[in-house]
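Me: Could you walk me through the fold of this protein, one question at a time?

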Amino acid sequence: MKHILVPTDFSASADNALDVAVNLAAESKAEIILMNSYETTGSAITDYMGVNREYDRQIIEETTTKLNEIKTRVVGTRNVSISTAVYTEAINESINNIIGDKNIDLVVMGTTGASGLKEKIWGSNTASVTQKSKKPVLVIPEEYKWSAPKKILFATNRFEDTDDILQPLFDFVHLFKAQTLAAVFSNEDTDIAGIVMEHSRNIHQFEQKLKTKFGETLTAEHLSGDSFIQTLEDYITENQIDIVAMVSHHRSFLDSIFHSSATKKMAYHTQIPLLVIPEKQTT
């Protein structure tokens, strides 16, 4: 990791994510890019009159000042490099633009979580970014307090084992010399019996592939239950996992309507950092 992006809305959740990013940057010698996304609005008439331009200019100046104040505060206490940026598009567009502009390796964002109707209807910026970012996103719960991870879990139901997908995961493993666990999930309610049996049979082969590819001492386990999130949360608690990693897969429009994203739901519910790795990443 050479460049870590930290989007902020100046909330407590974003401040906590920045604290985690600072610790990661100190460990990896990476530069932090602290950014805010401000989506400009207006009409042809108000733009012609200069009303919106002046308002936007003031907002951008105030935002730049806030970012620089945070930078000064952090640099004054920690030996890290920080630059700032203000983008004027929607959050997802801004993040993917700055990923290309600044060669970002990792995005670190805070989340306050959500439940019930709020989760289903409104969602959150962070959960949305995990689905659309071109680079891995590390989701930080608001109440999480940083500690160097000792156990990192890769949770999946697809047996991903290619270098381009899993390298961000093993970058974390190498950086902190953490123990690695892999869990392949089968849904007892929706998966046909053949798939559950296939997952059970293939788990040892999957473990050996990961060991061969990445040279890691790891263990892989087959998990099953009627709820992926609940089964995963129980496993995380029982095994004292510090970071959980998942792959975000691109889905069709119909699939996105009828089947909720596991990574997006996990972004709402996780109590520990969640590393979301996009299926296809930019170089």
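Me: In what order do the 10 strands sit in the open sheet?
Reply: Happy to help, and please keep in mind that this is a predicted model. The pairing in this open sheet is mixed. Its edge strands, each pairing on one side only, are β3 (81-87) and β8 (218-225). Neighbouring strands are turned by 25° against each other on average, direction ignored. Reading across the sheet, the order is β3-β2-β1-β4-β5-β10-β9-β6-β7-β8.

Me: Do β4 and β5 run parallel or antiparallel, and how many bridges join them?
Reply: Good pair to look at! Strands of a sheet can pair either way, through backbone hydrogen bonds. Here, β4 covers residues 106-111 and β5 covers residues 137-141. The two run parallel, and the number of bridges joining them is 5.

Me: Which residue in β5 does methionine 109 stand opposite?
Reply: Methionine 109 falls within the 106-111 stretch of β4. Its opposite number in β5 is valine 139.

Me: At about what angle does helix α9 run to β6?
Reply: Helix α9 spans residues 228-239 and lies across β6, β7, β8 and β9. Another helix on the sheet, α7 (residues 163-176), lies across strands including β4, β5 and β10, and runs at about 150° to β10. For α9 against β6, the angle is about 160°.

Me: What share of the chain's residues is buried?
Reply: The chain has 283 residues, with 11 helices and 10 strands. A residue counts as buried when its relative accessible area is under 20%. By that cut-off, the buried share is 47%.

Note on methods
Residues are numbered from 1 along each chain as its sequence is written. This is a predicted model: local features need pLDDT of at least 70, side-chain atom pairs count only at pLDDT 80 or more; totals for chains, interfaces and linings use all residues. Side-chain values use heavy atoms; hydrogens and water are left out. Two strands pair if DSSP finds at least two bridges between them. Helices (H or I, at least four residues) and strands (E, at least two) are DSSP runs, numbered from the N terminus. Axes are lines fitted to C-alpha atoms, for helices over the stretch in contact, and angles run from 0 to 180 degrees between N-to-C directions. Contact means heavy atoms within 4.5 Å. Buried means under 20% relative accessible area, exposed over 50%, partly exposed in between (1.4 Å probe, protein chains only).
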